[in-house]
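Student: Please take one loop of this protein and go through it closely. Then connect it to the parts around it and to the chain as a whole.

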Amino acid sequence: MQLELRHLEAVCRIAEAGSLGRAAVRLGVSQPALSAQLRRIERVAGGELFLRGRSGVEPTPLGEFVLAKARLVLGEMDALAAGARAVAPDAPLRLGCILLVLVDRLMERLEEVLVGREIAVTVEHSVTTLTRQLGAGRYDAVLYGEVNDHEVPLPEGVTARTLVPREPFCVRLSADHPLAAKERIALAELAGESWMTLVEDDDGGPEALTAACARAGFAPLLRHRVADRKMHYDLIAAGRAISLSQPTAPPAAGTVLRPLEGDPVNGRIRLAWNRAAVPARHAELLYRAAAEAYVANVRTNAFHREWWEARPELHPALEEARGGPGASDGLPGRGLPGHS
């Protein structure tokens, strides 16, 4: 076997994550598969690259050497990709996203405002991977979330803009659950439940949930991590788990969404783009398309629409966008459905 770029990427992700489990999530593979890959890489390298312990992994001297070379090679490849992108202005718009509810509707809006331009959308399960690939020139823009006070570090050459500064997470549970009849649920009432863990583990979500539950007097039982939406909803409908959810999430058969008292866990949605790849006019169009996609989803659940209407200071700046960059492109500003 010869070392390939994907092997160098895996070594770097293991070092950054500090554990095989976290690295596997960020790479989108299982932990056993990553462990087997690391063993093959170590055979080629001639020795152990990481010391494994209860607290995670630490690079060995050989590992430090391989890491230094790997980062150098990956940096050169990133520079190559970014340079090639700079001389190909008509290339597809490459958008990376975390699995946010607004992504489906965003695709519709982008097709309307970027007529004739190919749009490539990739869903990632790690914010770390998303932002690194933005800095490496593999994405032109990314749409991601942050939970409570967590801030995602961004690479150089990137501009970020907050789309939604705050949205309160709600809980999805079985329609047959004893608490399903309540309009609002106190987090303490969910002690003893089996929770669906968040697919993303580096956006502050797991820490925010654990901290909120601790304040409510219990530790959450995190049992399932499921990326497939149908399986996720089916487990909840069967009463085998509950989960946090964006308040704009659509209904799913056999489940209900309920707001949590006191809004103990809140999300923030941000858009970031590579200034070398996305001109200001297109960045404004992208922001407005994402904002309108979110606003259109507010009507999905009455409890969130009521919450949203009472907080106009949180609304995306669609009115300002009418006279800003890109206004001549024919994209109208829109308020909340039913409002001018």
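Tutor: Two residues are in contact when heavy atoms of theirs lie within 4.5 Å. The model is predicted, and the loop to look at is the one between β11 (255–259) and β12.

Start with L260, which is found in that loop. Is L260 buried or exposed? Buried means under 20% relative accessible area, and L260 has 1% relative accessibility, so L260 counts as buried. Leaving aside residues up to four places away in sequence, L260 touches F169, V171, R184, I185, L187, L190 and L244. A186 does not appear among those contacts, but the C-alpha atoms of L260 and A186 are separated by 5.7 Å. Along the chain these two residues are 74 residues apart.

That separation leads to a figure for the whole chain. Take the contacts between residues at least 6 apart in sequence: 74% of them join residues at least 24 apart. The chain has 340 residues, and 50% of them count as buried. Its accessible surface comes to about 16,100 Å², with 53% of that belonging to carbon and sulfur atoms. Eleven helices and twelve strands are found in the chain.

Back in the loop, the next residue to look at is D263, which also has its place between β11 and β12. D263 is buried too, because its relative accessible area is 12%. Its backbone deserves attention. Most residues other than glycine have a negative phi. D263 is not a glycine, yet its phi is positive, near 50 degrees.

N148 makes a useful comparison. This residue is found in the loop between β5 and β6, and its phi is positive, about 50 degrees, although N148 is not a glycine. With 24% relative accessibility, N148 counts as partly exposed.

The loop you asked about leads into β12, and β12 (266–274) is one of the elements that the buried residues of α6 pack against. The others are α2, β3 (93–98), β4 (119–124), β5 (141–147) and β6 (158–168). Those buried residues of α6 (residues 127–135) are V127, T129, L130, T131, Q133 and L134. At the N-terminal end of α6, S126 acts as a cap: a side-chain oxygen of S126 lies 3.3 Å from the backbone nitrogen of T128. After α6 comes G137, with a positive phi near 85 degrees.

From α6, follow the packing to α2 (residues 20–27), which also packs with α3 (residues 31–45). The angle between α2 and α3 is about 105 degrees and their axes are 9 Å apart. The two helices are therefore roughly perpendicular to each other. On the α2 side the contact involves L20, G21, A23, A24 and L27, and these meet Q31, L34, S35 and L38 of α3. By class, six of the residues in this contact are nonpolar, three are polar and none is charged.

One more residue brings us back to β11. N301 sits in the loop between α9 (280–297) and α10 (302–309). N301 is buried, at a relative accessible area of 11%. Apart from residues up to four places away in sequence, N301 touches P247, T248, A249 and L257. The side chain of N301 reaches the backbone oxygen of P247 at 2.8 Å.

Conventions: Residues are numbered from 1 along each chain as its sequence is written. This is a predicted model: local features need pLDDT of at least 70, side-chain atom pairs count only at pLDDT 80 or more; totals for chains, interfaces and linings use all residues. Side-chain values use heavy atoms; hydrogens and water are left out. Axes are lines fitted to C-alpha atoms, for helices over the stretch in contact, and angles run from 0 to 180 degrees between N-to-C directions. Helices (H or I, at least four residues) and strands (E, at least two) are DSSP runs, numbered from the N terminus. Angles under 35 degrees count as roughly parallel, over 145 as roughly antiparallel, 65 to 115 as roughly perpendicular and the rest as oblique. Ala, Val, Leu, Ile, Met, Phe, Trp, Tyr, Cys and Pro count as nonpolar, Asp, Glu, Lys and Arg as charged, and the others, Gly among them, as polar. Buried means under 20% relative accessible area, exposed over 50%, partly exposed in between (1.4 Å probe, protein chains only). Accessible areas come from the Shrake-Rupley method with a 1.4 Å probe; for residues, only the protein chains shown count as cover. A polar contact is a pair of N or O atoms within 3.5 Å; within protein, one must be able to donate a hydrogen and the other to accept it, and residues adjacent in sequence count only if both atoms are side-chain atoms.
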